[in-house]
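Hello,

Here is the structure I promised to hand over. My notes on it follow below.

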Amino acid sequence: IEAAQRDPKIQRSLKLLGEMFSDEVFLFAGPNFNDMLQLFQSTFGTMRYGPAIAQLSGETKGMKDDEVQARMMMQSLVDSLPLLKAPEFVLGFKIKDKALAKEQLDNLEKILTKALAGAPQPFHDRLKRVSIDGSSYLSYTLDGQMVPWDHDNIEKIRAAAAKPADADRLIEHLKSMELKFTLGLRDDFVLLCVGPSTDLLAHLGKGPGLRSLPELAPVKKFADKRLFNVSYMSKATNRHLNTTKADIDNAFKEFKQALPKLKIPEKARDEIDKDSADLAHDLGRAIVPEVGAQLAVGFLTDTGSESYFYDWTEHPEIDASKPLDLLKHIGGSPLAAIVNRTKVSPDAYDLLAKWIGVAYRYAEEYGVPQMKEKERKQYDTFMGKAKPLFQRLSTATRDSLIPALADGQTAIVLDTKLTSKQFIKQLPPTEQSLPMFEPALVFAVSDVEKLKIAFGEYWAVADEFLEIVRNTEGSKVPADFKIPRPKTYKLKAGTMYSFQLPEEWGVDKKVLPNAALTDHVAVLSLSGKHSIRLLAETQPSIGSQKLPLDRPLASAGGFDFAGMIDAYTPWIDMGIDLSTKQVDPSVAENIRQHAHAVIEVLKVYRSTVEESFVEGKAVVTHATSEVRDIDENAAKGAASP
């Protein structure tokens with residue numbers, strides 16, 4: 001490699017590569033790209049649901065799983081032949097030395113011409129010089145005729161298809177396909193175009209530009225910034241990357257077509273037909289949003305970088321109407337946290353309960369009658385007692401838990417302030433206390449009394465359910481076993497309910513799974529001290545970056561990367577100590593210094609915080625990342641002689 005780098009020709013090639021990646025680089029996809037995504041989406045859907053539907057209908061009886069998958073894929077390709085095209089895109093690199101670029105392209109042409117002269121016949125005479133819109137390009141064309149379509153390969157494809165004629169159609173289509181690689185210099189850019197034609201290059205720069213799209217309007221806000229990224233995805237492209245209402249309808253349409261072939265009673269077929277249409281409607285209404293375009297803009301700042309991500313997809317579940325007060329309850333400055341607010345409504349729960357009820361109806365109507373007489377009697381006895389408990393659980397959830405958490409704010413918090421020299425007694429103690437990750441969940445409470453009612457009912461139902469199981473024939477539940485209750489502690493801020501881990505587990509008593517509660521906040525964590533920190537109101541921050549409390553947001557949070565490195569450092573030091581016990585102390589110290597030098601480099605990236613809000617019809621996510629140069633004194637101290 002060093003010898004090659006001393007070659008003047010190689011040096012000039014490397015210089016061009018350096019220029020190509022040192023300024024602006026762009027990539028854009030043409031219309032065929034959406035066709036390819038649509039093809040992948042439909043094929044994936046068929047591969048995912050098709051085998052199950054085909055097996056239910058008996059169409060693939062006796063076939064192996066890989067044969068079923070091959071047939072499903074083949075059928076999907078045949079059904080979507082108009083979409084089966086080579087994807088097209090253009091990759092561009094801005095350069096300064098156009099003479100150097102032209103020289104290197106001419107050299108590349110000579111090298112490729114010489115190499116192809118010795119290649120097998122199908123690869124000859126395919127490298128051409130073409131002129132497109134006044135610029136010269138190298139173009140190389142591949143086509144489907146170059147594939148070795150021998151008799152054995154064709155017969156394998158025909159055997160995988162449902163009908164040999166389908167395979168023949170697919171093969172003829174593949175034979176007609178072309179893929180062109182076109183490389184050249186246009187103005188200040190080296191361009192590489194890949195696709196079935198060179199139309200993208202011919203049309204480049206003509207007609208309205210991207211800046212004319214309304215979704216690109218936000219970029220103007222940042223015109224005076226040091227931009228390093230602008231990316232855009234159209235609504236059409238994004239639709240092919242997400243599940244849509246049409247996808248759900250198509251999946252149920254396939255199921256409906258297979259329904260007449262299922263060996264089930266006519267009454268069941270009619271019920272399934274009706275319920276599947278109802279389910280498709282409910283899923284499309286409840287969980288599948290209308291997909292929109294996306295835009296991302298990033299720029300450098302004096303302290304790192306900022307980015308804005310605009311998403312015009314519908315998000316009916318988010319609530320960005322108020323500030324996120326729960327940010328005050330992430331424990332001050334945790335390692336990582338995310339707080340969000342969603343719209344809480346019994347409707348979503350009612351929908352879930354509805355379809356659990358439908359599934360139960362099918363089990364009762366068609367599954368239970370298939371049981372043996374003894375099993376059916378046991379089932380009837382058990383469900384006769386348990387069914388009222390299930391209804392009580394549902395009522396407690398809908399009428400108490402959901403209203404108790406109606407504010408919709410939730411937080412996930414990760415911290416590392418819990419330390420110990422011996423978290424588990426089976427392991428030897430360490431010389432210094434080491435930190436452990438402390439995950440926690442925090443919820444905004446709208447009605448603390450209803451929350452207590454809900455969990456009181458859950459405990460009561462659990463006790464009664466245990467008794468039902470205990471009294472069931474063949475039960476192995478001990479007669480004296482009871483569901484343990486948590487210990488209750490009165491705190492300055494509220495109440496804590498904790499479970500001490502069994503002594504035989506050998507876990508440090510600082511690890512204390514618990515729930516803590518005030519009139520406005522509920523916490524689940526693994527240590528009492530963590531819960532106390534979370535219940536208290538503090539100014540929220542991630543590293544040195546403060547989190548916003550003064551404006552309406554849908555979500556906010558961040559990650560303290562440098563804090564994570566600091567938390568890992570004692571563990572790294574311990575690992576070095578253990579692994580270097582048998583080596584010379586000077587060597588061990590050298591290893592430690594190298595490790596700490598790497599740590600200092602990693603900590604250049606400090607933290608990132610994000611916030612999401614609604615602007616017009618877009619959900620906007622603003623991220624700020626902090627970067628600090630290496631502290632010279634720290635670096636000198638960590639550097640090895």
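Helices and strands here are DSSP runs, numbered from the N terminus; a helix needs at least four residues and a strand at least two. Please keep in mind that this is a predicted model.

On that numbering, Ser 527 lies in the loop between β16 (521-525) and α15 (528-535).

**Ser 527**

Ser 527 has 3% relative accessibility. Buried means under 20%, so Ser 527 counts as buried. Its side chain makes two contacts worth a look. One is a polar contact with the side chain of Glu 438, at 2.9 Å. The other goes to the backbone nitrogen of His 530, at 3.2 Å. Leaving out residues up to four places away in sequence, Ser 527 touches Leu 418, Glu 438, Lys 510, Leu 512 and Asn 514. Glu 438 therefore appears both in that list and as a side-chain polar partner of Ser 527.

**Ser 139**

Next, a serine in a strand. Ser 139 sits in β4 (residues 135-143). Buried or exposed, at 5% relative accessibility? Ser 139 counts as buried, because 5% falls under the 20% cut-off. The side chains of Ser 139 and Thr 182 are joined by a polar contact of 3.4 Å. Neighbours within four places in sequence aside, Ser 139 is in contact with Arg 126, Leu 127, Lys 128, Val 130, Phe 181 and Thr 182.

**Helix α4 and its partners**

Now the helix packing. Helix α4 covers residues 65-79, and helix α7 covers residues 164-176. Their axes come within 10 Å and cross at roughly 60 degrees. That angle makes α4 oblique to α7, because 65 to 115 degrees is the range for roughly perpendicular and under 35 for roughly parallel. The crossing of α4 past α7 is left-handed. From α4, the residues involved are Met 74, Gln 75, Leu 77 and Val 78; they meet Asp 166, Arg 169 and Leu 170 in α7. By class, this contact has four nonpolar, one polar and two charged residues.

Helix α6 (residues 151-160) also meets α4. Here the axes come within 8 Å and cross at roughly 95 degrees. That makes α4 roughly perpendicular to α6, since 95 lies in the 65 to 115 range. Ala 70, Arg 71 and Met 74 in α4 meet Ile 157, Ala 159 and Ala 160 in α6. The residues of this contact divide into five nonpolar, no polar and one charged.

Met 74 of α4 takes part in the contact with α7 and in the contact with α6.

Best wishes

Notes:
Residues are numbered from 1 along each chain as its sequence is written. This is a predicted model: local features need pLDDT of at least 70, side-chain atom pairs count only at pLDDT 80 or more; totals for chains, interfaces and linings use all residues. Side-chain values use heavy atoms; hydrogens and water are left out. Axes are lines fitted to C-alpha atoms, for helices over the stretch in contact, and angles run from 0 to 180 degrees between N-to-C directions. Angles under 35 degrees count as roughly parallel, over 145 as roughly antiparallel, 65 to 115 as roughly perpendicular and the rest as oblique. A crossing is left-handed if the near helix is turned anticlockwise from the far one by less than a right angle, and right-handed if clockwise. Contact means heavy atoms within 4.5 Å. Ala, Val, Leu, Ile, Met, Phe, Trp, Tyr, Cys and Pro count as nonpolar, Asp, Glu, Lys and Arg as charged, and the others, Gly among them, as polar. Buried means under 20% relative accessible area, exposed over 50%, partly exposed in between (1.4 Å probe, protein chains only). A polar contact is a pair of N or O atoms within 3.5 Å; within protein, one must be able to donate a hydrogen and the other to accept it, and residues adjacent in sequence count only if both atoms are side-chain atoms.
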